[in-house]
Amino acid sequence: MATADHAYVVAGCPHTVDDVPSPCVSVRWSAADTGVTADGAPVLLDTCAAQCFSAALVPQGPPVVQAAQRKVTVR
């Protein structure tokens, strides 16, 4: 389950400022106050807002989230 406390990898960010590459390196999530938590952290829902930031912490807009299937092992 994804929560606002998790760290996420940012890949493929082609953002530039004045023709100088300034890729997104982090995402900050604003989890809605839904009361849904996991281990005390707000759960991220499809309605949660987010903002991408450069290494200099310059806001660069919302991320495009791509779902990935995780491997499930049954023991």
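## Overall fold

Of the contacts in the chain with a separation of 6 or more, 45% are accounted for by residues 24 or more positions apart. The structure is a predicted model, and the chain in it holds 7 strands and 0 helices, so that, read along the sequence, the elements follow the pattern β-β-β-β-β-β-β.

The chain has 75 residues, of which 19% count as buried. About 6,100 Å² of the chain is exposed, and carbon and sulfur atoms supply 55% of that area.

## Strand pairing around β6

Strand β6, which covers residues 49–53, pairs with β3 in the antiparallel sense over 5 bridges. Within this pairing, Ser30 has Ala49 of β6 as its bridge partner.

Strand β6 is also joined to β7 (residues 59–61), again in an antiparallel arrangement, by 2 bridges, and here Phe53 stands opposite Pro59 in β7. The hairpin that β6 and β7 form has 5 residues between the strands, and among the residues of this hairpin Leu57 takes a positive phi near 65°.

## Phe53 and the aromatic rings

Besides standing opposite Pro59, Phe53 has a charged neighbour, since Arg28 lies over the face of its ring at 4.7 Å from the ring centre. As for pairing between aromatic rings, the count for the model comes to 0 aromatic pairs.

## Cysteines

A search of the whole structure finds 0 disulfides. Cys52 is accordingly in no disulfide, and the nearest cysteine sulfur, that of Cys24, is 4.1 Å away; because a disulfide requires the two sulfur atoms to lie within 2.5 Å, this pair does not qualify.

Two of the cysteines can be described further by their accessibility. Cys52 has a relative accessible area of 6% and is therefore buried, the cut-off being under 20%, and Cys48, with a relative accessible area of 11%, is buried by that criterion as well.

## The loop at Ser22

Ser22 lies in the loop between β2 (20–21) and β3 (26–30). Is this loop residue buried or exposed? Its relative accessibility is 17%, and because buried means under 20%, Ser22 counts as buried.

The surroundings of Ser22 can be listed by contact: when residues up to four places away in sequence are not counted, Ser22 touches His15, Thr16, Val17, Ser54 and Gln60. One of these residues, Gln60, falls within β7, the strand of residues 59–61 that is joined to β6.

Technical notes:
Residues are numbered from 1 along each chain as its sequence is written. This is a predicted model: local features need pLDDT of at least 70, side-chain atom pairs count only at pLDDT 80 or more; totals for chains, interfaces and linings use all residues. Side-chain values use heavy atoms; hydrogens and water are left out. Buried means under 20% relative accessible area, exposed over 50%, partly exposed in between (1.4 Å probe, protein chains only). Rings of Phe, Tyr and Trp (its six-membered ring) pair if their centres lie within 6.5 Å; planes under 30 degrees apart count as stacked, over 60 as edge-to-face and the rest as tilted. A charge sits over a ring if NZ of Lys or CZ of Arg is within 6 Å of the ring centre and within 35 degrees of the ring normal. Helices (H or I, at least four residues) and strands (E, at least two) are DSSP runs, numbered from the N terminus. Contact means heavy atoms within 4.5 Å. Accessible areas come from the Shrake-Rupley method with a 1.4 Å probe; for residues, only the protein chains shown count as cover. Two strands pair if DSSP finds at least two bridges between them.
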